[in-house]
Structure formats: C-alpha cells, structure tokens
Amino acid sequence: MKTIVAGREPVTATEFIELALGIDLELFTGSATESPLERAARLDVAHEVLTDLRESDPETAAYAASLLRTLPLSTHTNGRRPRRTGRRPASTGARTGSAVAA
C-alpha cells in the first residue's frame, strides 16, 4: 500500500513530514549555506509562522519550535572549511624502519 498525503506521494521521510504537517522544515532548521542576512530573515518568518501555529495547531507548533533549536548539518561560513588548530609533532631525526641504499 502506498502512503499518500494530501493527494501526493512523498518520496522521502522529510517530504512526508512536510506534507503531513503542512510546514517547510528548512524554514525552521535553516541551511548550512545561508548568509547571516538570510538567516535573520528566515528566523523572522519562522517566528511569525510559529506564532500562528501556536493558535491553530499546538502540537505542530511544539515540533516546529524544537526544530528551531537544531543546527544545520554543517555550520561552516562562506563555504570554507574550518581551520585546523592542532599541530603535527615535528620530525625528530631518522625514522625507525627506514633504510638507506648504498
């Protein structure tokens, strides 16, 4: 038996949740590639939607509020990788197990 929500067949679990609850998950969770300005705008809209949800559907509002407390999978800024802070130990003399050809 197929799972159909609102006349549509969701392909992923995320699509199922979005169709079943009627909310866009990315609105509440964000994207790893969004700029600080995009994040601020998204959060403004998310808080307005959350206010409306609290009046109409408290259970979905509670779920959406929990999503606001999550972080995107990657929190790198400007698409750059974080800088490593650890250092490798300096090489000290000859390595064990190495041979020199004569």
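The following legends describe close-up views of a predicted model of one protein chain.

**Figure 1. Overview of the helices in the protein chain.** The protein chain contains 4 helices and 0 strands. Read along the sequence, these elements give the pattern α-α-α-α. The protein chain has 102 residues, of which 17% count as buried. Among contacts in the protein chain with a separation of 6 or more, 36% join residues that lie 24 or more positions apart.

**Figure 2. Helix H3 and its two faces.** Helix H3 runs through residues 36-56 and has 21 residues. From its first C-alpha to its last, H3 reaches 30 Å, close to the 30 Å expected at 1.5 Å a residue. Which residues of H3 are buried? They are Arg42, Ala46, Leu50 and Leu53. These residues lie on the same side of H3, because they cover an arc of only 80° around the axis. The face turned away from the buried side of H3 carries the exposed residues Leu37, Asp44, Glu48, Asp52 and Glu55. The cover over the buried residues of H3 includes helix H2 (25-29) and helix H4 (58-68).

**Figure 3. Helix H4 and the helices that it packs against.** In H4, the buried residues are Thr60, Ala61, Ala64, Ala65 and Leu67. Their arc around the axis is only 155°, which puts them on the same side of H4. The exposed residues Pro58 and Glu59 are carried on the face of H4 turned away from its buried side. Against which helices do the buried residues of H4 pack? They pack against helix H1 (13-21), H2 and H3.

**Figure 4. Surroundings of Thr60.** Thr60 has its place in helix H4. Is Thr60 buried or exposed? Thr60 counts as buried because its relative accessibility is 4%, and the cut-off for a buried residue is under 20%. When its neighbours within four places in sequence are left aside, Thr60 is in contact with Leu21, Ile23 and Leu53. One of these partners, Leu53, is itself among the buried residues of H3.

**Figure 5. The largest nonpolar core.** In soluble globular proteins, nonpolar side chains tend to be buried together. The largest nonpolar core in this model has 11 residues. Its members are Ile23, Leu25, Leu27, Phe28, Ala46, Leu50, Leu53, Ala61, Ala64, Ala65 and Leu67. Which elements give two or more residues to this core? They are H2, H3 and H4. H4 gives the most to the core, with 4 residues.

**Figure 6. Contacts of Leu25.** Leu25 is a member of the largest nonpolar core. Apart from its neighbours within four places in sequence, Leu25 is in contact with Thr14, Ile17, Glu18, Tyr63 and Leu67. Of these partners, Leu67 is also listed in the core.

**Figure 7. The salt bridge between Glu34 and Arg42.** Side chains of opposite charge can pair when their charged atoms come close. How many salt bridges are counted in the model? The count comes to 1 salt bridge. In this salt bridge, the side chains of Glu34 and Arg42 meet at 3.0 Å, N to O. Glu34 has its place in the loop between H2 and H3, whereas Arg42 belongs to H3. The side chains of Glu34 and Arg42 also make a polar contact (3.0 Å). Arg42 has a relative accessible area of 11% and is therefore buried.

**Figure 8. Arg39 beside the loop residue Glu34.** Not counting residues up to four places away in sequence, Glu34 touches Arg39 and Arg42. Arg39 has its place in helix H3. With a relative accessible area of 41%, Arg39 is partly exposed, whereas Arg42 is buried. What separates Arg39 from Leu27 in sequence and in space? Arg39 and Leu27 are 12 residues apart in sequence, and their C-alpha atoms are 9.6 Å apart in space. Leu27 is one of the residues of the largest nonpolar core.

Technical notes:
Residues are numbered from 1 along each chain as its sequence is written. This is a predicted model: local features need pLDDT of at least 70, side-chain atom pairs count only at pLDDT 80 or more; totals for chains, interfaces and linings use all residues. Side-chain values use heavy atoms; hydrogens and water are left out. The expected span of a helix is 1.5 Å times one less than its number of residues. Buried means under 20% relative accessible area, exposed over 50%, partly exposed in between (1.4 Å probe, protein chains only). The arc is that of the directions from the helix axis to the C-beta atoms. Contact means heavy atoms within 4.5 Å. A nonpolar core is a set of buried Ala, Val, Leu, Ile, Met, Phe, Trp, Tyr and Cys residues joined through side-chain atoms within 4.5 Å. A salt bridge is a side-chain nitrogen of Lys or Arg within 4 Å of a carboxyl oxygen of Asp or Glu. A polar contact is a pair of N or O atoms within 3.5 Å; within protein, one must be able to donate a hydrogen and the other to accept it, and residues adjacent in sequence count only if both atoms are side-chain atoms.
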